[in-house]
Amino acid sequence: MLKSVLYCLILAMTSARLVDIIYLLATHNTNLPVPVIVVAFAMIVYGICIVVRKFFANVTLKQMMAFFMIEIVAIVFNLSYVAVASPLRISVPETLLVGTFLDIIVNCGVVYFCAKQIRSRYFAIAQPAVTSNRNS
């Protein structure tokens, strides 16, 4: 169940960012620095790789968790780079590409639930067969 929800979340985030980056590059209406766009494009490519891999092979929960952990690092890099290198006003489409603090919180929650699911492995232990001795 968790893998299905995470797969849909990765698909939605990747497709929204892909549409956003195509829009920003087509309209030439972006003030974002090149490294931020490169990092966002790399995350889009990584998300597409996970989505395509789901069709051909099984994607593990650890791989999905790694996507969200890398995305946290990418968002922190984007926010710090935009804040330090070029203090400017960011439009709403650019915010989708850069990310926000709320994205970091949501991704940390996703990583927490993934780690909790990975650690909680249940094993079914078979009960010994009860034999009755009727020697009376």
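Author: Angles between helix axes run from 0 to 180 degrees between N-to-C directions. The model discussed here is predicted.

Reader: Why are H1 and H5 called roughly antiparallel to each other?

Author: Helix H5 covers residues 101-119, and H1 packs with H5 at an angle of about 155°. Angles over 145 count as roughly antiparallel. H1 and H5 are therefore roughly antiparallel. Their axes lie 12 Å apart, and the crossing is left-handed.

Reader: Which residues make the contact of H1 and H5?

Author: H1 brings Leu2, Leu6, Leu9, Met13 and Arg17. From H5 come Asp103, Asn107, Val110, Phe113, Cys114 and Gln117. By class, the contact has seven nonpolar, two polar and two charged residues.

Reader: What makes H1 oblique to H2?

Author: The axes of H1 (residues 2-27) and H2 (residues 34-56) cross at roughly 140°. Roughly antiparallel needs an angle over 145, and roughly perpendicular spans 65 to 115. The crossing angle therefore makes H1 oblique to H2. The two axes come within 9 Å. H1 passes H2 in a left-handed crossing.

Reader: What is the make-up by class of the contact of H1 with H2?

Author: The contact has 12 nonpolar, two polar and two charged residues. Among the residues that meet are Tyr7 and Arg17 in H1, and Gly47 and Lys54 in H2.

Reader: How do you know that Lys54 lies over the face of Tyr7?

Author: Lys54 is at 5.5 Å from the ring centre of Tyr7. The distance cut-off is 6 Å, and the charge must also be within 35 degrees of the ring normal. Lys54 counts as lying over the face.

Reader: Which residues do ring pairs link into a cluster?

Author: Tyr46, Phe67 and Phe68. The structure holds four aromatic pairs.

Notes: Residues numbered from 1 in each chain as written. Predicted model: local features only at pLDDT ≥ 70, side-chain atom pairs only at ≥ 80, totals over all residues. Heavy atoms only, no water. Helix = DSSP H or I, 4+ residues; strand = E, 2+ residues; numbered from the N terminus. Parallel < 35°, antiparallel > 145°, perpendicular 65-115°, else oblique. Left-handed = near helix turned anticlockwise from the far one by under 90°. Contact = heavy atoms within 4.5 Å. Nonpolar A, V, L, I, M, F, W, Y, C, P; charged D, E, K, R; others polar. Phe/Tyr/Trp six-rings, centres within 6.5 Å; stacked < 30°, edge-to-face > 60°.
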